[in-house]
Amino acid sequence: MLKKLCFYAVLLLCWLSHSAYAQTQVQILTTNADESSGMLAYLTKQLKDEANVFIADTPKVQAELLIVFAYDKAQQLPTSRVPALFVLAQPSDISIEKNDGVLYWTPSLAAQLALIKEIQPAVNKIGMLANPKNEDLSWLRSFKQYALEQGVEVRVQTVDKSRIGRQVSDLAVSTDILLAQPDTYIYNRETIRFILLAAYRQNKVLIGPSPAFVNAGGLASLYASSESIYEELAQQIKQFISTRKLTPATRVKKMTVSFNPQVAKSLGLIIPDIKQVEQKIQKKELPSWP
């Protein structure tokens, strides 16, 4: 009897040891552990025994997968490293290796167009500002073609910061609505006030890709909540655990709508039911790109 108990005890210890060893080591690469604490708690709960998720500000030897948010951290990664899942607002000049994956948390332009059509169905001309430093504008050409197929013309103005107010005003005159992208060269604390004032003087509104635009004075935003991002991250990590591969590039699928009622009221616009708008957009078969 004692021998049997010893045998089962050894088996149990081996199983426990194997389970601990089998956990995939996932590192969140960040300089601010406090900002990532919510994500760490969510992933730890969702992944349970499948992965050991931890935070550190430099890549650790035991890490099998890196989750990278910070742009500066992405640029400091060594050339020889484990796969990394980059969580970005939009495509950038970060070096993406063959085994890496990218999760974009901003809505696609197609989804933003769907939002515009839901809140202002009569829109047929959209104005956009383009960054003169961005050499690759293929995404913008793709969107113009896609929008045209939806019956909407997209007019683009390359930004000259010395006369951005006049440029926005001219663009607003010739279009129905302005659509912003997550480009800090164009949209930042120094410029956003001038952009919004120039638009509102022409009774035109701005749609942005994050709640920050709505808080600043934009009409509406389609964005991914923290929980939606964490949920997508958990799915990507589970895929990596089972296949040892990452999806080269994808977007957060579940988006939330935010409105600014004060802006709508000042321009005499009627705000539709937010939940209904979200549901309608969610049901649409929209391309991830552009």
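**Figure 1. Packing of helix H2 against helix H9 (residues 226-243) in the predicted model.** The two helices pack at an angle of about 45°, and their axes lie 10 Å apart. Angles that are neither under 35 degrees, over 145, nor from 65 to 115 count as oblique, and H2 and H9 are therefore oblique to each other. The crossing in which H2 passes H9 is right-handed. On the H2 side, the residues that meet H9 are Gly-38, Met-39, Tyr-42, Leu-43, Gln-46 and Leu-47. Their counterparts in H9 are Glu-227, Tyr-230, Glu-231, Leu-233, Ala-234, Ile-237 and Lys-238. By class, the residues of this contact divide into 8 nonpolar, 2 polar and 3 charged.

**Figure 2. Backbone at Lys-48, in the loop between helix H2 (37-47) and strand E2 (51-56).** The phi angle of Lys-48 is near 50°. This is a positive value in a residue other than glycine.

**Figure 3. Packing of helix H6 (residues 164-173) with helix H7 (residues 192-200).** The axes of H6 and H7 are 8 Å apart, and the packing angle is about 35°. The crossing of this pair is right-handed. From H6, the contact involves Ile-164, Gly-165, Val-168, Ser-169 and Ala-172. These residues meet Ile-195, Ala-198 and Ala-199 of H7. The contact of H6 with H7 holds 6 nonpolar and 2 polar residues, with no charged residues.

**Figure 4. Crossing of helix H4 (residues 109-119) and helix H11 (residues 274-283).** The axes of H4 and H11 come within 10 Å and cross at roughly 135°, which makes H4 oblique to H11. The crossing of H4 and H11 is right-handed. H4 contributes Ala-114, Leu-115 and Glu-118 to the contact, while H11 contributes Val-277, Lys-280 and Ile-281. Of the residues in the contact of H4 with H11, 4 are nonpolar and 2 are charged, and none is polar.

**Figure 5. Surroundings of Glu-118, a residue of helix H4.** With neighbours within four places in sequence left aside, Glu-118 is in contact with Pro-272, Val-277, Lys-280, Ile-281 and Lys-284. Glu-118 and Pro-272 are 154 residues apart along the chain. The separation of their C-alpha atoms is 8.3 Å.

**Figure 6. The second largest pocket and its lining.** The space in this pocket amounts to about 330 Å³. The pocket is lined by 15 residues, and those closest to its centre are Ala-111, Val-252, Lys-253, Leu-286 and Ser-288. Strand E11 (250-251) and H11 are the elements that give two or more residues to the lining. In terms of residue class, the lining comprises 7 nonpolar, 5 polar and 3 charged residues.

**Figure 7. The cis peptide bond between Trp-289 and Pro-290.** For the bond that joins these two residues, omega is about 5°. Pro-290 lies in the segment after H11.

How values were computed:
Residues are numbered from 1 along each chain as its sequence is written. This is a predicted model: local features need pLDDT of at least 70, side-chain atom pairs count only at pLDDT 80 or more; totals for chains, interfaces and linings use all residues. Side-chain values use heavy atoms; hydrogens and water are left out. Axes are lines fitted to C-alpha atoms, for helices over the stretch in contact, and angles run from 0 to 180 degrees between N-to-C directions. Helices (H or I, at least four residues) and strands (E, at least two) are DSSP runs, numbered from the N terminus. A crossing is left-handed if the near helix is turned anticlockwise from the far one by less than a right angle, and right-handed if clockwise. Contact means heavy atoms within 4.5 Å. Ala, Val, Leu, Ile, Met, Phe, Trp, Tyr, Cys and Pro count as nonpolar, Asp, Glu, Lys and Arg as charged, and the others, Gly among them, as polar. On a 1 Å grid over the protein atoms alone, a cavity is a set of points where a 1.4 Å probe fits but cannot get out, and a pocket is an open set with protein on both sides within 12 Å along at least five of seven lines; lining residues have an atom within 4 Å of a point. Grid points are joined across faces, edges and corners, and a volume is the space filled by probe spheres set on the points.
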